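Subject: Structure for your review

Dear colleague,

Please find below the structure that I am handing over to you. I would be grateful if you read the notes that follow with the structure open beside them.

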Amino acid sequence: MEQLIEHAGHVAMNTLLWEAAVVLWVIGMMDLGVSKRHDVKDFGYILLTAAIMETIAMMFVIASGNIFGATSAAAFVFLLWALAFGLLNGTNRVVTYHAVLLTSFYFTGATIYLASKGALFLTVMFGLLVPITLLLALASYTEKHSLGKIAGGFSAIDGILFFIYSLCSAIGYQLP
């Protein structure tokens, strides 16, 4: 039974990484203006769906005892719920901006931790989340769309890195 829970946690963590890849890619493409026709609420529904799926997957990661994975998942889940409600509700977006800014502090700490462990690929993946969240928060606070476009570029690149990591993890290949 314990082995089954551990395996479920590994599968759930990989699911979280795939979802993070998709969300980062979507955020990047939206911020870069790839789609000229989009509604903020549509984007909110995408993030809400991801938040629900990642919350379920996070429960399996927690049950498997993967403390770092659960903490990382919690940061993503928190960010997704905050963004989804902010976009769907359309009111009090300052709270959403604060959530994005504060999440950047977690990603900074996670990046430092991963770097200290020598996890090069994960360090780069989490390291890119720092300027993404900082620039998105600053773009929101200052209403400078150019900062959002820069964050979108980083987000699209990070989405690709998350896809690569998830694929390698799924086939059992360990990245440096």
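Let us begin with a single residue: alanine 139 is buried, because its relative accessible area is 13% and the limit for a buried residue is under 20%. Please bear in mind that this is a predicted model.

Alanine 139 belongs to helix α5. Once neighbours within four places in sequence are set aside, the residues in contact with alanine 139 are Lys144, Leu147 and Gly148. Alanine 151 stands twelve residues from alanine 139 along the chain, and 8.8 Å separates the C-alpha atoms of the two.

The helix that holds alanine 139 can be checked with simple arithmetic. Helix α5 covers residues 120-142, which makes 23 residues. At 1.5 Å a residue the helix should span 33 Å, and the end C-alpha atoms are indeed 33 Å apart, so the expected and computed values agree. The expected span is 1.5 Å times one less than the number of residues. Directly after α5 comes glutamate 143, which has a positive phi, near 60°.

Helix α6 runs from residue 145 to residue 171, and isoleucine 171 is part of it. Is isoleucine 171 buried or exposed? Isoleucine 171 is exposed, because its relative accessible area is 63% and exposed means over 50%. Isoleucine 171 also helps to form a nonpolar surface patch of about 440 Å², together with Trp18, Leu167 and Tyr173. A general point about helices may be useful here: an α-helix has 3.6 residues a turn, so residues three or four places apart point the same way.

I turn now to the chain as a whole. It contains six helices and zero strands, and its pattern along the sequence reads α-α-α-α-α-α. What radius of gyration would a compact globule of 176 residues have? The value would be near 16 Å, and the chain has 16 Å, so the two agree. Along the principal axes, the C-alpha atoms fill a box of roughly 50 × 30 × 25 Å.

Of the 176 residues, 44% count as buried. The accessible surface of the chain amounts to about 9,500 Å², and carbon and sulfur atoms account for 71% of that area. Finally, among contacts between residues at least 6 apart in sequence, 72% join residues that are at least 24 apart.

Yours sincerely,

A colleague

Technical notes:
Residues numbered from 1 in each chain as written. Predicted model: local features only at pLDDT ≥ 70, side-chain atom pairs only at ≥ 80, totals over all residues. Heavy atoms only, no water. Patch = residues over 30% accessible without salt bridge, like charges linked within 9 Å, V, L, I, M, F, W, Y side chains within 5 Å. Areas by Shrake-Rupley, 256 points an atom, 1.4 Å probe, with all protein chains shown as cover. Salt bridge = Lys/Arg side-chain N within 4 Å of Asp/Glu carboxyl O. Helix = DSSP H or I, 4+ residues; strand = E, 2+ residues; numbered from the N terminus. Buried < 20%, exposed > 50% of the residue type's maximum accessible area, 1.4 Å probe, protein only. Rg over C-alpha atoms; globule rule 2.2 N^0.38 Å. Contact = heavy atoms within 4.5 Å.
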